[in-house]
Amino acid sequence: MVRADQRSGKTPRPSVWLEDRERGGRRGGQPSGLDRDRITGATVRLLDAEGMDKFSMRRLAAELDVTAMSVYWYVATKDDLLELALDRAFGELALPEADSGTDWHDELRALARGYRALLVRHSWLPALVGRFLNIGPHALRFSGAVQRVLGRTGLPEHEVTGAIAAVFQFVYGHGTVEGHFRDRVASTGLTADEYHHRAMTEVLRDPDASDVIGRSARIMEARGGDTVEEMLERDFTFALDLLIAGIEAMVARSRG
């Protein structure tokens, strides 16, 4: 389908944060109590409750008890609204103070854990992180905090972006898979442990998969952890420790 801005020859706006008009203002004739902040908050709640596939401007309007056209007074497109919701979610992250004096290892672990929890809590978030520019105020504050912490590691400046990619693309991947897993479990009505046990039992009956899955089961048993929650936590912690150790090794190499 050809978009209206493409038919008119106009270049699509790359981000809602680059628009010129005042954000969140109320125009004459609009419903009392409706503004961009309220609309964005309702969007986040709907995405959490129903997911991206069921989200629509009409569904949002019904949630707000207004007409869909009323919503369009505050956001030009559905994409604009999703981008606003993305940044609203980033605002939930706890960020270290610029001059906290805390060891960078601890701050990096805290940022990584916070980002993982955010991705799991809002399982719709990963798709939007890869879709938009992430230049909203909350996303920029998060990026700035990450840059400051990695900048204190001792890495040469030209290696900082690689370290950011290694740590936070790992967290992004882990959090995305974990969020999808939790959604899948919730849809079955089982607990995570029940779902895991049933899935492993069934797949081990498949002769084509039993060898690989059996080996995976032995690896998981050796790792330890009685529950899915404990297994996920141990894997995440160890992987993050490996990445931090890699940063330390690269710092030592640059000084050698």
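## Starting with a ruler

The expected span of a helix is 1.5 Å times one less than its number of residues. Keep that rule handy, because helix H2, with its 15 residues (36–50), should then span 21 Å, and its end C-alpha atoms are indeed 21 Å apart. One thing to remember as you read on: this is a predicted model.

## The whole protein

If you go looking for strands here, you'll find zero, alongside 12 helices. Read from the N terminus, the elements simply go α-α-α-α-α-α-α-α-α-α-α-α. The protein has 256 residues, and 36% of them count as buried. About 14800 Å² is exposed, with carbon and sulfur atoms supplying 53% of that area.

How much of the contact pattern joins residues at least 24 apart? Taking contacts between residues at least 6 apart in sequence, the share is 70%. Ala 245 and His 105 give you a feel for how sequence and space can part ways: they sit 140 residues apart in sequence, yet their C-alpha atoms are 9.8 Å apart. Ala 245 belongs to helix H12 and is partly exposed, with a relative accessible area of 36%.

## Back to helix H2

Now that you know how far H2 reaches, have a look at its two ends. Asp 35 caps the N-terminal end, placing a side-chain oxygen 3.2 Å from the backbone nitrogen of Asp 37. After H2 comes Gly 51, and its phi is positive, near 85°.

Which residues of H2 are buried? They are Arg 36, Ile 39, Thr 40, Gly 41, Ala 42, Thr 43, Val 44, Leu 46 and Leu 47. Their cover includes helix H3 (57–64), helix H4 (68–71) and helix H5 (78–90).

## Helix H9 and its cover

Try the ruler again on helix H9 (residues 157–188). Its 32 residues reach 48 Å from first C-alpha to last, close to the 46 Å expected. Right after H9 you meet Gly 189, with a positive phi near 80°.

The buried residues of H9 include Val 160, Ile 164, Val 167, Phe 168, Val 171 and His 174. Among the elements covering the buried residues of H9 are helix H6 (104–121), helix H8 (137–151) and helix H12 (228–255). Remember that an α-helix has 3.6 residues a turn, so residues three or four places apart point the same way.

## Two residues to follow on H9

Start with Phe 168. Setting aside its neighbours within four places in sequence, Phe 168 is in contact with Leu 108, Leu 111, Ala 112, Tyr 115, Phe 142, Val 146 and Leu 150. Phe 168 is also one of the residues with the most contacts inside the largest nonpolar core, a set of 56 residues; Leu 108, Leu 150 and Ile 247 are others on that list. As background, nonpolar side chains tend to be buried together in soluble globular proteins.

Next, His 174, also in helix H9. Is His 174 buried or exposed? It counts as buried, because its relative accessibility is 17% and the cut-off for buried is under 20%. Leaving out neighbours within four places in sequence, His 174 is in contact with Arg 116, Leu 232 and Phe 236.

## Charged pairs

The count of salt bridges comes to 14. One of them pairs Arg 131 with Asp 79, with the closest N and O atoms 2.5 Å apart. Arg 131 lies in the loop between H7 and H8 while Asp 79 is in helix H5, so the pair ties together parts that are 52 residues apart in sequence. Both ends are partly exposed: Arg 131 is at 44% relative accessibility, and Asp 79 is at 29%.

Arg 113 and Glu 233 form another, again with the closest N and O atoms 2.5 Å apart. Here helix H6 is linked to helix H12, so parts that are 120 residues apart in sequence are tied together. Arg 182 and Glu 178 make a salt bridge as well, with their closest N and O atoms 2.8 Å apart. Because these two are four residues apart in helix H9, about one helical turn separates them. Arg 182 is partly exposed at 27%, whereas Glu 178 is buried at 4%. Through shared partners, salt bridges join Arg 113, Arg 116, Glu 178, Arg 182, Glu 229 and Glu 233 into one network.

Definitions and conventions
Residues numbered from 1 in each chain as written. Heavy atoms only, no water. Buried < 20%, exposed > 50% of the residue type's maximum accessible area, 1.4 Å probe, protein only. Contact = heavy atoms within 4.5 Å. Areas by Shrake-Rupley, 256 points an atom, 1.4 Å probe, with all protein chains shown as cover. Core = buried A, V, L, I, M, F, W, Y, C linked by side-chain atoms within 4.5 Å. Polar contact = N/O pair within 3.5 Å; in protein donor to acceptor, adjacent residues only side chain to side chain. Salt bridge = Lys/Arg side-chain N within 4 Å of Asp/Glu carboxyl O.
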